[in-house]
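Student: I have just opened this model and would like a close look at one part of it. Could you walk me through a pair of packed helices and a few residues around them?

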Amino acid sequence: MDEILKTSKLFYQEAVRFALCGDDIRFSSIRYEDDQFLISPLIFIERHTVELLLKSLILYDVSGNPYLNYKNIKDIEVLNENGISLSRKLINTHSLLSLINFYIYLESCKLLTDYNKKEIKKLKSTIKKLDKIDVGATYFRYPFINNKGKIKKNKRNYLIKINEKHPLETLKEGTYVLKNNNDSIDYEVKNLNIVQMEYDLTKVIIILLNLNNFHKNKKDVSALI
């Protein structure tokens with residue numbers, strides 16, 4: 001087994017560990033009492049699981065592509081859907097959209113493939129939404145964000161859900177908004193719906209686990225399927 005293929009397996013195994021950790025948080029008893037509890041680390045863990053699974057798929061396809069003669073993961077450049085280099089190394093890429101596009105290109109290179117184009121198209125559509133919220137895997141990880149070179153507080157820390165205590169005619173119950181320091185409503189963020197995001201991430205993880213079936217064994221995924 002070549003080094004790229006071995007690394008693909010390692011990425012998959014690490015993804016399974018993160019996915020199991022996410023399940024422990026999601027189904028913890030305290031979250032039944034407060035669905036906001038641990039929401040940021042949960043979403044970060046699930047997003048990182050998706051990134052690891054996509055990279056596992058990419059590495060598997062790269063290892064079997066005779067036209068991409070890479071020997072080490074650090075040398076692999078990310079390509080777009082048309083096979084054009086983005087001048088960016090795979091190991092330093094965190095954009096889920098860039099990763100799914102690279103995977104789609106690699107799958108399209110195969111002469112014989114069972115990859116489901118319709119399913120992948122739906123997968124890309126969901127990933128595109130997730131990527132708009134957190135393109136660099138930092139939004140749910142740090143209390144500060146870098147906005148065009150300016151460091152500012154990440155107001156995501158004050159994320160709340162509209163309920164009877166914060167009635168606003170323009171926002172439906174269950175809508176997530178940002179709250180400022182004096183506990184008043186600040187503004188709605190990118191139509192961000194945490195419940196939907198968590199659902200989308202879970203759905204994407206299941207699809208990617210199935211696409212990684214060449215790595216699966218019962219011990220790895222029995223708790224996830």
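Tutor: Happy to; we will go from the whole chain to one helix pair, and then to two single residues.

A word on the source: this is a predicted model, in which local features need pLDDT of at least 70 and side-chain atom pairs count only at pLDDT 80 or more, while totals for chains, interfaces and linings use all residues. Residues are numbered from 1 along each chain as its sequence is written, and side-chain values use heavy atoms, with hydrogens and water left out.

The protein has seven helices and seven strands; helices (H or I, at least four residues) and strands (E, at least two) are DSSP runs, numbered from the N terminus. Their order along the sequence is α-α-α-β-β-α-α-β-β-β-β-β-α-α. Of its 225 residues, 43% count as buried, meaning under 20% relative accessible area with a 1.4 Å probe, protein chains only.

Now the pair. Two packed helices are described by the angle between their axes and the distance between the axes. For helix α3 (residues 39–63) and helix α6 (residues 194–211), the angle is about 25 degrees and the axes are 9 Å apart. Here axes are lines fitted to C-alpha atoms, for helices over the stretch in contact, and angles run from 0 to 180 degrees between N-to-C directions. That makes α3 roughly parallel to α6, a label for angles under 35 degrees.

Contact means heavy atoms within 4.5 Å. Among the residues that make it are Leu42, Val50 and Leu57 of α3, and Met197, Leu201 and Leu208 of α6. The residues of this contact divide into 15 nonpolar, two polar and three charged. In this grouping Ala, Val, Leu, Ile, Met, Phe, Trp, Tyr, Cys and Pro are nonpolar, Asp, Glu, Lys and Arg are charged, and the others, Gly among them, are polar.

Stay in helix α3 and find valine 62. Valine 62 is buried, with a relative accessible area of 2%. Not counting residues up to four places away in sequence, valine 62 touches Ile4, Leu68, Tyr70, Ile76, Phe102 and Leu106.

Next, look at leucine 79 in strand β1 (residues 77–79). Leucine 79 is buried too, at 9% relative accessible area. Leaving aside neighbours within four places in sequence, its contacts include Leu68, Ile84, Ser98 and Phe102. Leucine 79 and serine 98 lie 19 residues apart in sequence and 8.0 Å apart in space, C-alpha to C-alpha.

Notes: Parallel < 35°, antiparallel > 145°, perpendicular 65-115°, else oblique. Buried < 20%, exposed > 50% of the residue type's maximum accessible area, 1.4 Å probe, protein only.
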